[in-house]
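These are my notebook entries on one protein chain. I set down what I looked up, one topic at a time.

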Amino acid sequence: MVESKPDSGFSLEDLTPAERELLTCIREKKNRILLEIQELKREIEDVTSELDEMDMADDNKPDPKQRQISTGKKKFNMDPKKGIEYLIENGRLQNVPEDVAKFLFQGEGLNKTAIGEYLGEKNDFNIAVLKAFVNLHEFSDMILVQALRQFLWSFRLPGEAQKIDRMMECFAARYCVLNDRVFSNTDTCYVLSFAIIMLNTSLHNPSVKDKPSVERFIAMNKGIDGGKDLPEDLLISLYESIKKEPFKIPEDDGNDLMHTFFNPVKEGWLWKQGGRYKNWKRRWFILNDSCLYYFQYTTDKEPKGIIPLENISVREVPTEKINKPNCFELYSAGTEVIKACKVDGDGKVVEGRHNVYRMSASSTDEKEEWIQCIKTSIHDNPFYDMLAARRNKATGTSGNSG
């Protein structure tokens, strides 16, 4: 009779080598599974902890009103009109000029360029906002240059002369109301304000070689106070203030270029002829805000060059003239060098020295579209005509503004 083994008895010696190897594999796999289960438990604990933190964060999130205000500011920085409309539609602003002006005046998180563009728009509501915005400034007992410093820090002046004219007119009116014994009329304040801004440019722009003296500044402003001369010590103090400390121009964050290039008039690839070397290079062009920008790549954050479309003209160039099809050029209406700048090989911004900029499009239709879009974007600078007319009015002389 064969003796049976107890059920609980088990020995590796009873297994064949193959069975022992299989058992070892099973045990190793079991250990790996146990380790994976422990790791999963730790991951579940981590995720649960993160969810708890997210719940706590939700409790601390700004209320819907604050989120709408934040969204409205972002929209404003990209498109001022749409941003204000969004805030009004969602009840974050009242549809009255005073409330919008207060929002712009406080300015937290707002792009200063966008503020200037909104204030400069020519419609009844924006003009009313501009007046309310200027009236929020306190210029009492300030000399004119101090008031200008404060005013020009609250936004960035737009590029269009008509917009600047409206803004400076509102500024002059406000200053004269608060300082009624300084000037005989607002035209005097307007002309002198422009003279100070131009003096600031002349004294502190490196490209202006002929720096005006205090004597020339005084002579420039003779008779502007209703035909009378302003006190010489006043003009000297204004001159010295600007000479000692230039205007601080508010610098916006990186949204400036995004704002400029977000909704261009036209964009696309063109071949551009070099200045010193007449070779052709492919560049990405963007047309907006009466400027033509060009980039080496579409992904570049900053342009290689900027060509302001001011006091210049555009025309088609015959193929036989330069042996290049679908070509057009920007050229100076007179003998002046086109005002432009570019980034050189060392990364420095330098002034352009071109009388002509030539580009070539990919087709006839594309060329004609570029020419038409550029023509509608070109404008003559009417600053001097406007200023001359106001100066004639201030001095009491007759003149034609042209």
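**Entry 1: The chain as a whole**

I began with contacts in the protein chain between residues at least 6 apart in sequence, and I found that 59% of them join residues at least 24 apart. I note that this is a predicted model. I then looked up the elements of the protein chain and found 15 helices and nine strands. The chain has 402 residues, of which 37% count as buried.

**Entry 2: The nonpolar cores**

I next looked up the largest nonpolar core, which has 59 residues. Which of its residues touch the most other members? I noted Leu104, Leu144, Leu192 and Ile196. Helix α9 (residues 186-204) gives the largest share of this core, with ten residues. Another core, of 20 residues, lies apart from it, and I listed Leu287, Leu309, Phe328 and Tyr357 among its members. I recalled a general point here: in soluble globular proteins, nonpolar side chains tend to be buried together.

I then followed Leu192 and left aside its neighbours within four places in sequence. I found Leu192 in contact with Leu144, Phe183, Phe217, Asn221, Ile224, Leu230, Leu235 and Leu238.

**Entry 3: Helix α7**

Leu144 led me to helix α7 (residues 144-153), which is mostly covered, with seven of its ten residues buried. I recorded the buried residues of α7 as Leu144, Val145, Ala147, Leu148, Arg149, Phe151 and Leu152. What covers these buried residues? The cover includes α6 (124-135), α8 (161-178), α9 and α11 (232-244).

**Entry 4: Helix α5**

Why is helix α5 (residues 112-120) described as largely enclosed by the rest of the structure? I concluded that this is so because eight of its nine residues are buried. The buried residues of α5 are Lys112, Thr113, Ala114, Ile115, Gly116, Tyr118, Leu119 and Gly120. I also looked at the N-terminal end of α5, which is capped by Asn111. A side-chain oxygen of Asn111 lies 2.9 Å from the backbone nitrogen of Thr113.

**Entry 5: Strands β1, β2, β6 and β9**

I turned to the strands and started with β1 (residues 266-273). Strand β1 runs antiparallel to β2 (residues 280-288), and eight bridges join the two. As one pair, I noted that Gly268 has Phe285 in β2 as its bridge partner. Strand β1 also runs antiparallel to β9, to which two bridges join it. Here the bridge partner of Lys272 is Met359 in β9.

Strand β9 (residues 356-360) is mostly covered, since four of its five residues are buried. I found five bridges between β9 and β6, and these strands are antiparallel. In β9, Ser360 is the bridge partner of Cys327.

**Entry 6: Lys324**

Last, I looked up Lys324, which sits in the loop between α13 (319-322) and β6 (327-332). Is Lys324 buried or exposed? I found that Lys324 is buried, yet has no salt bridge. The nearest side chain of opposite charge, Glu329, is 14 Å away. Leaving aside neighbours within four places in sequence, I recorded contacts of Lys324 with Trp271, Trp280, Thr319 and Ser360. I had already met Ser360 as the bridge partner of Cys327.

Terms used:
Residues numbered from 1 in each chain as written. Predicted model: local features only at pLDDT ≥ 70, side-chain atom pairs only at ≥ 80, totals over all residues. Heavy atoms only, no water. Buried < 20%, exposed > 50% of the residue type's maximum accessible area, 1.4 Å probe, protein only. Lys, Arg positive; Asp, Glu negative; His and termini not counted. Salt bridge = Lys/Arg side-chain N within 4 Å of Asp/Glu carboxyl O. Contact = heavy atoms within 4.5 Å. Polar contact = N/O pair within 3.5 Å; in protein donor to acceptor, adjacent residues only side chain to side chain. Core = buried A, V, L, I, M, F, W, Y, C linked by side-chain atoms within 4.5 Å. Pairing = 2+ DSSP bridges.
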